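Got your viewer open? Let's take a walk through this chain, one selection at a time.

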Amino acid sequence: MEEFDFGMVGLGVMGRNLLLNMADHGFSVAGLDLDAEKAASLENEASEKHHVKGTTQAQQFVTLIKKPRAIMLLVPAGKPVDAVIDSLLPYLEEGDIVVDGGNSYFPDTNRRVQELESKGIHFFGMGISGGEKGARFGPSMMPGGNKAAYERLRPIFEAIAAKINGEPCVTYLGTGSAGNYVKMVHNGIEYAIMELIAETYDLLKRGFGVADSVIQKLFADWNESELASFLIEITADILKKEDEVTGKGLLLNYISDTARAKGTGKWTSQNAMDIQAPVPSIDAAVQMRDISKYKEERVKASELLTYDTKDASLDETALFELLKDAFYFSMINIYAQGMAQLTIASNEYNYGLNLEEVAKIWRGGCIIRAVCLEDFRQAYQNQPELPNLLLDEALATKLKTTQQAARDAVKLAIDKGVPVSVFMSALAYFDSYRSETLPTNMIQAQRDFFGAHKYERIDKEGVFHTEWN
């Protein structure tokens with residue numbers, strides 16, 4: 001029986017592209033899919049130099065892989081993952097490694113780690129970012145699991161990952177579900193930056209009547225600046241795509257404004273509340289997708305809840321400069337919230353995350369890759385225990401010089417009646433975090449008044465209760 005370096009279960013676009021990427025780098029790979037056509041297409045897409053095999057039989061598939069076996073699952077999160085594991089288990093042996101490459105919810109990964117550990121099998125949860133093209137030519141990958149077992153995976157993953165300055169955008173992140181957790185927060189940041197871009201587009205187009213072609217050029221110009229990122233780049237491309245159905249104008253103008261989501265942004269917000277990690281911009285982005293679903297109600301409200309917008313005496317050049325600085329300010333605050341959540345979660349769940357390494361592997365291949373991630377990497381290199389990026393002196397200097405633009409952009413949006421939840425939440429987060437004193441003393445007093453929940457004092461130790469009446 002031939003022996004292959006790596007196995008993949010699930011030969012959809014992502015699974016097939018990852019295997020072909022491995023084959024490009026000289027690894028022999030096998031794929032399993034219940035769909036015979038997909039199994040055959042894997043071999044058909046491979047070149048003559050590739051050592052690739054597709055099969056529909058689980059037992060045959062497992063016996064093809066070199067021991068200790070390294071097998072990745074790329075199937076929908078939830079029950080399908082458990083079903084595939086159950087189908088493979090009769091043929092797996094002690095020391096084998098199973099890697100879940102999907103967006104699984106991290107508690108599910110913790111459960112699977114424990115269940116398979118009792119059988120002597122290593123289970124990894126690994127986030128993969130970069131989409132179809134990234135999978136084929138270089139993704140960012142976020143593995144978590146047994147550190148010693150990772151050495152079996154490392155040469156393959158480092159070979160196929162995106163490279164920045166020769167450094168692969170993959171690294172061992174930590175124990176248990178660390179990889180899935182980091183990918184979850186990655187996606188939460190992704191939600192917020194996508195909403196930030198959408199709000200910028202809306203303020204320009206609906207608020208100030210800027211033409212689509214001008215907005216397109218603006219985003220293209222921004223992608224040559226400190227705002228350069230994958231999401232800014234594709235926004236400029238989206239604003240160029242003509243509608244092929246009607247042949248009239250941009251495709252974007254024919255796309256529904258009812259947004260969809262797969263749940264990872266929601267998971268980020270939910271867990272952030274569980275561990276008391278404030279991520280208001282991610283929360284706002286999730287909520288904006290939710291409110292988009294109420295189209296009929298929004299149409300009725302647009303007729304009932306009218307507002308006469310105020311004119312703004314601002315020429316386009318000044319407007320574009322202001323929004324550029326406001327976008328930079330908000331973007332840094334979004335990343336700061338996500339990275340702070342990772343810091344808190346690492347302590348809560350004993351992941352042992354290295355935030356410099358996280359920033360490093362996000363610099364290339366992934367959806368939230370951006371030039372500012374190098375600044376974050378340097379911040380964590382200088383202060384490995386940095387609890388929040390806002391406390392880095394270099395970033396603080398940039399935020400102080402752009403904060404006025406963020407304030408002015410929010411004022412403009414208010415006057416125009418254009419919703420900018422992420423801009424507003426990023427500014428509120430910044431102002432809250434930099435406040436030596438917050439009005440939560442009032443909340444403490446209220447809780448004690450109506451529920452005798454007690455409070456702390458600033459002038460002496462202990463907890464106290466007052467008979468307020």
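How much area is buried between domain 1 and domain 2, and what share of it do carbon and sulfur atoms give? About 1,800 Å² is buried there, and carbon and sulfur atoms give 61% of that. Keep in mind as you click around that this is a predicted model.

**Stop 1: the two domains**

Colour residues 6–176 as domain 1 and residues 183–433 as domain 2. The C-alpha centres of the two lie 32 Å apart. To show the contact, you would pick 25 residues from domain 1 and 22 residues from domain 2. On the domain 1 side, put Tyr 105, Phe 106 and Leu 173 in sticks: they lose the most area to domain 2, together 29% of what that side buries.

**Stop 2: a cis peptide bond**

Now go to the loop between helix 3 (58–64) and strand 4 (70–73), where you will find Pro 68. Look at the peptide bond from Lys 67 to Pro 68: it is cis, with omega near -10°. Worth a look, because most peptide bonds are trans.

**Stop 3: helices 9 and 10**

Before the helix pairs, a word on how to read them: two packed helices are described by the angle between their axes and the distance between the axes.

Select residues 212–222 for helix 9 and residues 230–238 for helix 10. Their axes come within 8 Å and cross at roughly 155°. Angles over 145 degrees count as roughly antiparallel, and helix 9 and helix 10 are therefore roughly antiparallel to each other. The crossing of this pair is left-handed.

Next, show side chains. Gln 216, Phe 219, Ala 220 and Trp 222 come from helix 9, and they meet Ile 232, Thr 235 and Ala 236 of helix 10. That contact has 5 nonpolar and 2 polar residues, with no charged ones.

**Stop 4: helices 14 and 16**

Move on to helix 14 (residues 316–349) and helix 16 (residues 372–382). Here the axes come within 12 Å and cross at roughly 45°, which makes helix 14 oblique to helix 16. This crossing is right-handed.

Which residues make the contact between helix 14 and helix 16? From helix 14, select Met 331, Ile 332, Tyr 335 and Met 339; from helix 16, add Cys 372, Leu 373, Phe 376 and Tyr 380. Sorted by class, that gives 8 nonpolar residues, no polar and no charged ones.

**Stop 5: a positive phi**

Follow the chain into the loop between helix 14 and helix 15 (355–361), and stop at Asn 350. Its phi is positive, about 55°, although Asn 350 is not a glycine. That stands out because most residues other than glycine have a negative phi.

**Stop 6: helices 17 and 18**

Finish with helix 17 (residues 393–416) and helix 18 (residues 421–433). They pack at an angle of about 135°, and their axes are 10 Å apart. That angle makes helix 17 oblique to helix 18. As for handedness, the crossing of helix 17 and helix 18 is left-handed.

For the contact, pick Leu 399, Gln 403, Ala 406, Arg 407, Val 410 and Ile 414 on helix 17. Opposite them on helix 18, pick Phe 423, Met 424, Leu 427, Phe 430 and Asp 431. How many residues of each class does the contact of helix 17 with helix 18 have? It has 8 nonpolar, 1 polar and 2 charged.

How values were computed:
Residues numbered from 1 in each chain as written. Predicted model: local features only at pLDDT ≥ 70, side-chain atom pairs only at ≥ 80, totals over all residues. Heavy atoms only, no water. Axes fitted to C-alpha atoms, helices over the stretch in contact; angles between N-to-C directions. Helix = DSSP H or I, 4+ residues; strand = E, 2+ residues; numbered from the N terminus. Parallel < 35°, antiparallel > 145°, perpendicular 65-115°, else oblique. Left-handed = near helix turned anticlockwise from the far one by under 90°. Contact = heavy atoms within 4.5 Å. Nonpolar A, V, L, I, M, F, W, Y, C, P; charged D, E, K, R; others polar. Domains from an automatic or database assignment. Buried area = accessible area lost by both parts, 1.4 Å probe.
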